[in-house]
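Visitor: I'd like to go through the labels on this one and hear what backs them up.
Guide: Sure, ask away.

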Amino acid sequence: MLDIRIEKTKNPKPIPGPDNPLTFGTIFTDHMFIMNYQTGKGWFDPRIVEYQKIALEPSAMVFHYGQEMFEGLKAYKADDGRILLFRPDKNIERANNSNRRLCIPEIPEDLFLEAIKKLVKTDEAWIPTKPGTSLYIRPFVIATDEFLGVRPSDTYLFMIICSPVGAYYPEGLNPVKIWIEDDYVRAVKGGIGEAKTGGNYVASLAAQVKAHDEGYSQVLWLDGIERKYIEEVGAMNIFFKIDGTVVTPMLNGSILPGVTRNSCIELCKEWGLPVEERRISAEELFTAARQGRLDECWGSGTAAVISPVGHLRWMNEVIQIHDGGIGPISQKLYDTVTGIQLGRIEGPAGWSVEVK
Ligand SMILES: *Cc1c(COP(=O)(O)O)cnc(C)c1O
């Protein structure tokens, strides 16, 4: 494995104190990881340096054709002082799946994990400790060839930046209102919906603006062909509890395979709940709700961990779920996943990875 060089900053920044609200994604730590790629040479010069601006020519391919991949995971400070990562192997595996779909060269898994660990260790003092806070880790790759023309780039930058983040819901778990979009679509099978890449997000903006204007916080996407089947929320996978069974859309090629989604499925199965990964239409869902058989709904994703859904709107019909409050499975999943992340609960083997 390549050696990671560490060049510490001579100008450390003030670390936010416990009273700082740590608005998501606004403050960045002292250091970043950066590594180059060139066809014929492979990945080279992995290094941790001061968090700084990067210079790119305006012709850099990423600006024009969107060849980029990103990931998101978190580091936590346990009560006993250990630094814990939550299932980083899953993010690394998914990053390379995204890379293959986007014609970006794969990143050696051991080097990827070592880069995350070394960077988090270097900026250890930035990991916040108040309840609900963590260090958000954002690895990403961009295409940097100076060229206007469509083909895979021959040069890339792989970077990792870190941001101390506050509790997603400062007042505790808070049900959200979700807009089911029946006009715009985000992804189709065979497209890039199962890759974690900026293109899926720019495709979502117009509907998100529309939903916000209507007083809804996020968009739930339907399948891009029939616009009938539930897919996922902007940056979260979605779960329902119908007639006592936990139901989530199956991975069909246009849904992002969330690490939190997988963790919810594993935990529910461990608790003896029936879990179904299958196609579910908006019509089936709303019929169940009208008949009082939809007990719970929640979203899953690294940022909020679990987001209970209190209201769903589809074609001018609004349903309220669990009286607009938090259901017991949502609460138990939130408590368990965050408990494992903080090292308070022993999770399944391999879910907690210590940074030493
Ligand atoms: C990142 C992401 C998710 C959530 O995945 P996690 O691994 O649970 O954070 C869900 N949907 C989309 C589109 C995403 O980009």
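**Rings, charges and a helix crossing**

Guide: One aromatic cluster is formed by Phe33, Tyr37, Trp43, Phe112, Tyr156 and Phe158. This is a predicted model, where local features need pLDDT of at least 70, side-chain atom pairs count only at pLDDT 80 or more, and totals for chains, interfaces and linings use all residues. Residues are numbered from 1 along each chain as its sequence is written, and side-chain values use heavy atoms, with hydrogens and water left out.

Visitor: What makes Phe33 and Phe158 an edge-to-face pair?
Guide: Their centres are 5.7 Å apart with 65° between the planes. Rings of Phe, Tyr and Trp (its six-membered ring) pair if their centres lie within 6.5 Å, and planes under 30 degrees apart count as stacked, over 60 as edge-to-face and the rest as tilted. So 5.7 Å and 65° fit edge-to-face.

Visitor: Why does the pair tie together parts apart in sequence?
Guide: Phe33 lies in strand β2 (residues 31-38) and Phe158 in strand β8 (residues 155-165), so the parts joined are 125 residues apart in sequence. Strands here are DSSP runs (E, at least two residues), and helices are too (H or I, at least four), numbered from the N terminus.

Visitor: Why are α6 and α8 called roughly perpendicular?
Guide: The axes of helix α6 (residues 259-270) and helix α8 (residues 328-341) cross at roughly 110°. Angles of 65 to 115 degrees count as roughly perpendicular (under 35 roughly parallel, over 145 roughly antiparallel, the rest oblique), so α6 and α8 earn the label.

How values were computed
Axes are lines fitted to C-alpha atoms, for helices over the stretch in contact, and angles run from 0 to 180 degrees between N-to-C directions.
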